[in-house]
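Visitor: Please show me the structure, and then let me ask about its loops and its core.

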Amino acid sequence: MDITRLLPEDTPMMDAFWELYTDVFEHDQPGSPPAQRKSAEVDIANLRSDMRQEYHLAHVNQQLAGYVRLLFPLLDNKHFMYVNGCVRPEHRRRGVGSELLELALRRGRSCGRVTIGAHTSEPLPGGPYRSTSGRDFLRAKGFDLAHSMRDFSVDLENIKEKIEEDLVDEFLPHAWEYELLSWSGPTPEEHLPAVTALANRFVSEVPLGDLALEDKNIDVERQRAAESLDAVRGRTNVSAYARHPASGELVAHSVISVDDESPEFAHQQVTLVHPEHRGHRLGTLVKIESHRLLRREFPGVRTLFTSVAEVNTHMLAINERLGFVEVDRQLDFQRTI
Ligand SMILES: CC(C)(COP(=O)(O)OP(=O)(O)OC[C@H]1O[C@@H](n2cnc3c(N)ncnc32)[C@H](O)[C@@H]1OP(=O)(O)O)[C@@H](O)C(=O)NCCC(=O)NCCS
C-alpha cells in the first residue's frame, strides 16, 4: 500500500478523491444531505488560518482505497488534533484504516499534539441505516466516547408554523426586555464587535462532553476570516440574534447555513443563550426567528437539519414540538496520542 498527500492542483487525483468520498458517504450514511465539493476544496487547499489541514490518500494496487484528513488547530487547542477518513467498503478489514491512523498518530506526535479526536455516527432504533464500522474501529483502536449528539431533520413544508406561532405567543412575555434581529449573509459591520463578543463567550458554553478542548479566542479578524471563507465555500448564513437593549449586548443566537451546491437543504448550527440571560425562552425565540428568515430568503429549501447535544433535554423537547424527527447519533471519540 502507498500513501500520498492530496494536493489541490492535482485535478485527476482531486476527482478520484471526490468520487471515493461521495461513494463511501452514500454507502455509510444513505439519505444524508449531499457533501459539498467546493467546501472540501477550501479545506484541501488549506485556506483556513486557524486550522492546518492535510489529506493523505491510501492506494492499493493502483486503486484509491481510502483517505485520512488531519486537522491541527493553530490558534488554540494546540495540544489537540482531529482526524477523519474512510476506506472503500471493498477494501475494509485489510489494515488500510490502521495504516492511515498510524500515519495520523505519527504526524500528531511530530507536531506536539497529545490528544486526537475523531467523529463518526451510529443508527438510532427505527432510523435510517448508518455504518457502525467507524465506531467499532475507533473502539478497537483505544478511543473512548467523549461526547454524543442527536441529528434531527424537518421537512420545512410541514414545519408546524402554527406551533411556531403558539410558541412565540407563549414565550414572548418572558422576553419582553429583548429585541430580535436577523440577517442573511455576512454580519453587518456595525454588529461585528457584538457578534464576536458573543461568539467568544459562547465557545465555553457549547456542551462538549468529555472532549479535552479548551476555549477558543475569537476576535473580529477571526470572525471576518471565517465569514469570508464561507463565501468561498458558497455558503450563506441566515442568523437570528436577541439583543438586550439596556446593555446593547447580543445575548442569544441561532444560525442556519445554506450551501449553493445543494440549495434544497439547510443546516441549523448551534443555538445558544448567554448564561446570564437564560430563563427568558430566548433559545426557542431565536431559533424560530431564524426559521422564518430562512423561509423568506431561501424558499427553495425543503429540509432543515440540526444536531442537539444529548444532555440538552430542553432543546430536544423544543425540537420535538416543532416537528423535527430524529435521524441518527453523532459520536465524538478521543484518545491520547
Ligand atoms: C473505520 C474505517 C476507516 C476502518 O477501515 P479498515 O481499513 O476497515 O480498518 P482496519 O482493517 O485497519 O481495521 C482495524 C481493526 O478495527 C476493528 N474494526 C474495523 N472495522 C470494524 C467493524 N466493521 N466491526 C468491528 N470491528 C472493526 C477491528 O478490530 C479491525 O481489526 P481486524 O480486522 O483484525 O479485526 C472504515 O470502516 C470506514 O471507512 N468506515 C466509515 C467511515 C468512518 O466511520 N470513519 C470514522 C473514523 S474517522
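Guide: Questions and answers on two loop residues and the nonpolar cores follow.

Guide: This is a predicted model, where local features need pLDDT of at least 70, side-chain atom pairs count only at pLDDT 80 or more, and totals for chains, interfaces and linings use all residues. Residues are numbered from 1 along each chain as its sequence is written, and side-chain values use heavy atoms, with hydrogens and water left out.

Visitor: Is Q62 buried or exposed?

Guide: Q62 sits in the loop between strand 2 (51-60) and strand 3 (63-73); strands are DSSP runs of E, at least two residues, and helices are runs of H or I, at least four, numbered from the N terminus. Its phi is positive, about 65°, although Q62 is not a glycine. Exposed means over 50% relative accessible area, buried under 20%, partly exposed in between (1.4 Å probe, protein chains only). Q62 has 81% relative accessibility, so it counts as exposed.

Visitor: And N77, buried or exposed?

Guide: N77 lies in the loop between strand 3 and strand 4 (80-87). It too is not a glycine, yet has a positive phi of about 50°. Its relative accessibility is 4%, so N77 counts as buried.

Visitor: Which element gives the most to the largest nonpolar core?

Guide: A nonpolar core is a set of buried Ala, Val, Leu, Ile, Met, Phe, Trp, Tyr and Cys residues joined through side-chain atoms within 4.5 Å. The largest has 32 residues; A266, L282, L294 and L304 touch the most other members. Elements supplying at least two residues each include strand 10 (265-273) and helix 8 (282-297). With six residues, the top contributor is helix 8.
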